[in-house]
Each structure stands twice: as structure tokens, then as C-alpha cells.
Amino acid sequence: MPFERIMGIEVIKGRGLSEKFASDTISNILINETAARMLGIYSDPIGKKIQIGFNGEERMEVVGMVKDYHVTGFNVAIEPMFFSHWTTFDFMSQNMRTVQFKIKPEHFIETMNDIEAYWKTHIESDFPFDYIMLDKKFARLHRNYQRQETIFIILTLVVILISLLGLFALATLTINQR
């Protein structure tokens, strides 16, 4: 299943990547709206060749553009991104830090056991298998925002209280002087 369907990312121009097309695993990419704007190809990105890579040696063809979405949080600006098949660049298979799965809740334990077994036998037996549930990560982020909101409300009330005490002191001083 293509990642854009798994992640719920809307392809707004062109098409998503597919292993049905050999070129999608070799030289085709998707870009987000921010990247298209930055490159000046927002109105017609499909078929454009973009130089990508550490030295700009890779020329990739844009086959689709996805809607901008927040990756790290709502407090961080959306950055230009491109998406490629994981076999497109040699270094990607050696530098894969995260893999995302969409798992049905009723099969969670069995699926996680299967993924862990596959990890230990086919990927990296010496490196521990660790996972994070995105809903829990988002819940933790939401709690942090709620704490910040509470702190700001308390600080605002303290500032208002100090201001009112200052106004009361000023009014008292004015009355005493009359």
C-alpha cells in the first residue's frame, strides 16, 4: 500500500509512487507544496527534473505533488520535502531510522510479534527492536501543550493581579495626597 494512503496524505497533482513503475523505484519523486513553491514549479510540477543529492548529481523526475502537512508539530513551519522509494538512493537502506506501519487494533499483538521476529532475523539482530505508537506520541505532545497553556494562564493571572495591586496602590496614594 502506498505511503500516501497509509499516512492519509493527499496527492493534489500527478500521482503517487508505485512499484508497478520501475522508474518510481529509480528516479521518480513526489514533492510537497512548499518544495514546489520554493522551486518555482507550483503551477506545473509534473515531469520537471530536479537535482537532488549531496552534490546535486541525482536528477529526479517529479511525478506528483502532495498537500503540505505538519511532520514534527504545529509549532514548526512546514519544510520542503521530497518522497522517493526507499531503493532510489543507496544510502537510504543503510540509514533508515524509522518505519511506519498501520496496524488494525484487533491484530496488534500478533502483528508486532511478527514484525519483531522479521526484524531480528532479516534486518538487525544485534540492534534492539523498539517501537512507538503515534497516538501515544501525539497524546504526550498534546499534554505538553496543555501544560504550557496552564502555565501561561497562571502567569497571565499573576501579571493582571500585580497590575491591579499597582493600580490600587496608586489610587490609595492619590487619595492620601488629597
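Is Lys49 buried, partly exposed or exposed? In this predicted model, Lys49 has a relative accessible area of 48% and is therefore partly exposed, as the value falls short of the 50% above which a residue counts as exposed. The side chain of Lys49 takes part in a salt bridge with that of Glu61, with a distance of 3.6 Å from N to O. This pair links distant parts of the chain, since Lys49 belongs to strand 3 (residues 49–52) and Glu61 to strand 4 (residues 58–66), the two residues being twelve apart. Glu61 is likewise assigned to the partly exposed class, with a relative accessible area of 27%.

The salt bridge between Lys49 and Glu61 belongs to a set of five found in a search of the whole structure. Another is formed by Glu33 and Arg37, whose closest N and O atoms are 4.0 Å apart. Both of these residues lie in helix 2 (residues 33–39), where a spacing of four residues corresponds to about one turn of the helix. The surroundings of the two partners can be described separately: Glu33 counts as buried, because its relative accessibility of 8% is under the 20% limit, whereas Arg37 is partly exposed, with a relative accessible area of 48%.

In helix 4 (108–123), the side chains of Lys120 and Glu116 meet in a further salt bridge, for which the N to O distance is 3.2 Å. Lys120 and Glu116 are separated by about one helical turn, because they stand four residues apart in helix 4. Lys120 counts as partly exposed at 44% relative accessibility, and Glu116 is also placed in the partly exposed class, at 27%. Elsewhere, salt bridges that share partners join Glu33, Arg37 and Asp68 into one network.

Aromatic contacts were examined in the same manner, and four aromatic pairs were found in the whole structure. One of them is formed by Trp119 and Phe129, whose arrangement is tilted, with 6.2 Å from centre to centre and 55° between the planes. Trp119 lies in helix 4, while Phe129 is located in the loop between helix 4 and helix 5 (134–177), so the pair ties together parts that are ten residues apart in sequence. Phe129 also pairs with Tyr131, and this pair is tilted because the planes of the rings stand at 40°, with the ring centres 6.0 Å apart. Tyr131 is partly exposed, having a relative accessible area of 43%. Together with Phe108, the residues Trp119, Phe129 and Tyr131 form one aromatic cluster. A contact between a charge and a ring is provided by Lys13, which lies over the face of Tyr42 at 4.8 Å from the ring centre.

A further aromatic residue, Phe101, is found in the loop between helix 3 (90–94) and helix 4 (108–123). Phe101 is exposed, because its relative accessible area of 51% is over the 50% limit. The C-alpha atom of Phe101 is separated by 9.8 Å from that of Met112, a residue eleven positions away along the chain.

Pockets were also considered, and the second largest pocket has a volume of about 160 Å³. Its lining includes Tyr69, His70, Val71, Thr72 and Gly73, as well as Val76, Ala77, Ile78, Glu79, Pro80 and Met81. By residue class, the lining of the second largest pocket divides into seven nonpolar, three polar and one charged.

Definitions and conventions
Residues are numbered from 1 along each chain as its sequence is written. This is a predicted model: local features need pLDDT of at least 70, side-chain atom pairs count only at pLDDT 80 or more; totals for chains, interfaces and linings use all residues. Side-chain values use heavy atoms; hydrogens and water are left out. On a 1 Å grid over the protein atoms alone, a cavity is a set of points where a 1.4 Å probe fits but cannot get out, and a pocket is an open set with protein on both sides within 12 Å along at least five of seven lines; lining residues have an atom within 4 Å of a point. Grid points are joined across faces, edges and corners, and a volume is the space filled by probe spheres set on the points. Ala, Val, Leu, Ile, Met, Phe, Trp, Tyr, Cys and Pro count as nonpolar, Asp, Glu, Lys and Arg as charged, and the others, Gly among them, as polar. Buried means under 20% relative accessible area, exposed over 50%, partly exposed in between (1.4 Å probe, protein chains only). Rings of Phe, Tyr and Trp (its six-membered ring) pair if their centres lie within 6.5 Å; planes under 30 degrees apart count as stacked, over 60 as edge-to-face and the rest as tilted. A charge sits over a ring if NZ of Lys or CZ of Arg is within 6 Å of the ring centre and within 35 degrees of the ring normal.
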